[in-house]
Amino acid sequence: TAGTGVSVVILSHDRPEALARAYRSVLAQTVRPERIVIVFSGKEIPVTHGDVPTVAVRCEGTGGAARNAGASLCDDGFIAFLDDDDEWSPGKLESQLPLFSEGVCLVCAPYLVESETGTDVFRPCIQGSILEENVLGCTSMVLLRKDAFDAAGGFDPLMQRNQERDLWIKMLDLGEAACSDDIVGTKHDSADSISSDGRRRERGWIRLLSKHLPRYLRDPRALERALWFFYRDMFFLRRWIPALIGAALSVP
C-alpha cells in the first residue's frame, strides 16, 4: 500500500547472497515500503531488482555511522533497519504499523534467532527495564518513528556493540514502546557478526555503562543487573578482568 511513509535502511558488508535474501524479504512485505536505502561498505555496488525505489550508497564507516548515513536519506514517517544477514517475515510492517498511537515512538516484536545450536524465539518485554537488559531486541526487528529517531540523535557512531540498546534508552525518553504479537523475522547469528567479536563486545559494554552512568547510579537494581550481564558476557569470552578495568577507567 503506497503512502505508508516507511523507509527501509539495509546495512551490507560484502555478503551478496545474504543481502539478496534480506532485500527479497523487504520486497515481499504485505505493506509496501516507500523506499529502500542500501548502505554498503564493499567495493561492488549491490545489484537490486524490485518495484520499490532503491538507492545504494557506499559508506566507509560501519554500524551506527552507516545506519545514520542511510537514515539521513529517508523522509519523515517511519524507518526500519535491517542487517544483511537478517530477514523479515512478509507481515512485519503490516503487524507493527497499526500499533503506533499518540506517544508511541517505536514498535518491537518477537523474532526467531537461528544459530549453530538451533532456533530460539526472542520475545520483547516492554514492561521490563531497558537499563537492566535489552528487553526490546535487535535493530533489525523494530519499527521506529523517524522524528523520534532524529530527536534522539540516531545511533552513537562510537559504539560497535550495544548501539541499539543505547538508542532505545534515548528514544524511550521521548515516548513509549508498543509490541506486536506476531513473529516478524529471523536473526541469523553467524561467525562474522559483531556479537562474535570479543573486543567489540567489550568496548560496547564499557561505552554503554559509562555513557549512562548517572541513570544507573539513580537505579541501583538496574546497575546490579547490567553489571551481571556485563560480567557474564565478558567471563564467557575470558575477558572479564580487562573489561572491568576498562569500565572503571572510562567512568567520567
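**Figure 1. The surface of the whole chain, in a predicted model.** Let's start with the outside: the accessible surface comes to about 12000 Å². Carbon and sulfur atoms make up 53% of that area. As for what lies beneath, 49% of the 252 residues count as buried. The chain is built from nine helices and eleven strands. Now look at who touches whom: among contacts with a separation of 6 or more, 72% are between residues 24 or more positions apart.

**Figure 2. A look into the second largest pocket.** This pocket has a volume of about 260 Å³. There are 17 residues lining the pocket, and the closest to its centre are Pro16, Leu19, Ile45, Pro46 and Val47. Which helix gives the most to the lining? That's α1, residues 16-27, with six residues. Sort the lining by type and you get nine nonpolar, four polar and four charged residues.

**Figure 3. Asp14 and its positive phi.** Just a quick rule before you look: most residues other than glycine have a negative phi. Asp14 has a phi near 55°, a positive value, and this residue isn't a glycine. You'll find Asp14 in the loop between β1 (6-12) and α1. Is Asp14 buried or exposed? Its relative accessibility is 53%, so Asp14 counts as exposed.

**Figure 4. Asn162, another residue with a positive phi.** Here phi is near 70°, again in a residue other than glycine. Asn162 sits in the loop between α4 (146-151) and α5 (163-171). With a relative accessibility of 6%, Asn162 counts as buried.

**Figure 5. Helix α5, tucked into the structure.** How many of the nine residues of α5 are buried? Nine of the nine, so the helix is largely enclosed by the rest of the structure. Don't expect just one kind of residue here: the buried ones include Glu164, Arg165, Asp166 and Lys170, along with Leu167, Trp168, Ile169 and Met171. Gln163 is buried too.

**Figure 6. Lys146 and the residues around it.** Lys146 belongs to helix α4. Its relative accessible area is 4%, so this lysine counts as buried. What is Lys146 in contact with, leaving aside its neighbours within four places in sequence? The list runs Ala71, Cys74, Asp75, Asp76, Gly77, Phe78 and Ile79.

**Figure 7. Cysteines without a disulfide.** If you're hunting for disulfides, the count comes to zero. Take Cys108: the nearest cysteine sulfur belongs to Cys179 and is 3.9 Å away. A disulfide needs the two sulfur atoms within 2.5 Å, so this pair doesn't make the cut. Cys108 has a relative accessibility of 0% and counts as buried. Cys138 is buried as well, with a relative accessible area of 10%.

**Figure 8. Gly61 and Pro157, brought together by the fold.** Gly61 is in the loop between β3 (54-58) and α2 (64-71). How far is the C-alpha atom of Gly61 from that of Pro157? The two atoms are separated by 8.5 Å, while the residues are 96 apart along the chain. Gly61 itself is partly exposed, with a relative accessible area of 26%.

Methods
Residues are numbered from 1 along each chain as its sequence is written. This is a predicted model: local features need pLDDT of at least 70, side-chain atom pairs count only at pLDDT 80 or more; totals for chains, interfaces and linings use all residues. Side-chain values use heavy atoms; hydrogens and water are left out. Helices (H or I, at least four residues) and strands (E, at least two) are DSSP runs, numbered from the N terminus. Buried means under 20% relative accessible area, exposed over 50%, partly exposed in between (1.4 Å probe, protein chains only). Contact means heavy atoms within 4.5 Å. Accessible areas come from the Shrake-Rupley method with a 1.4 Å probe; for residues, only the protein chains shown count as cover. On a 1 Å grid over the protein atoms alone, a cavity is a set of points where a 1.4 Å probe fits but cannot get out, and a pocket is an open set with protein on both sides within 12 Å along at least five of seven lines; lining residues have an atom within 4 Å of a point. Grid points are joined across faces, edges and corners, and a volume is the space filled by probe spheres set on the points. Ala, Val, Leu, Ile, Met, Phe, Trp, Tyr, Cys and Pro count as nonpolar, Asp, Glu, Lys and Arg as charged, and the others, Gly among them, as polar.
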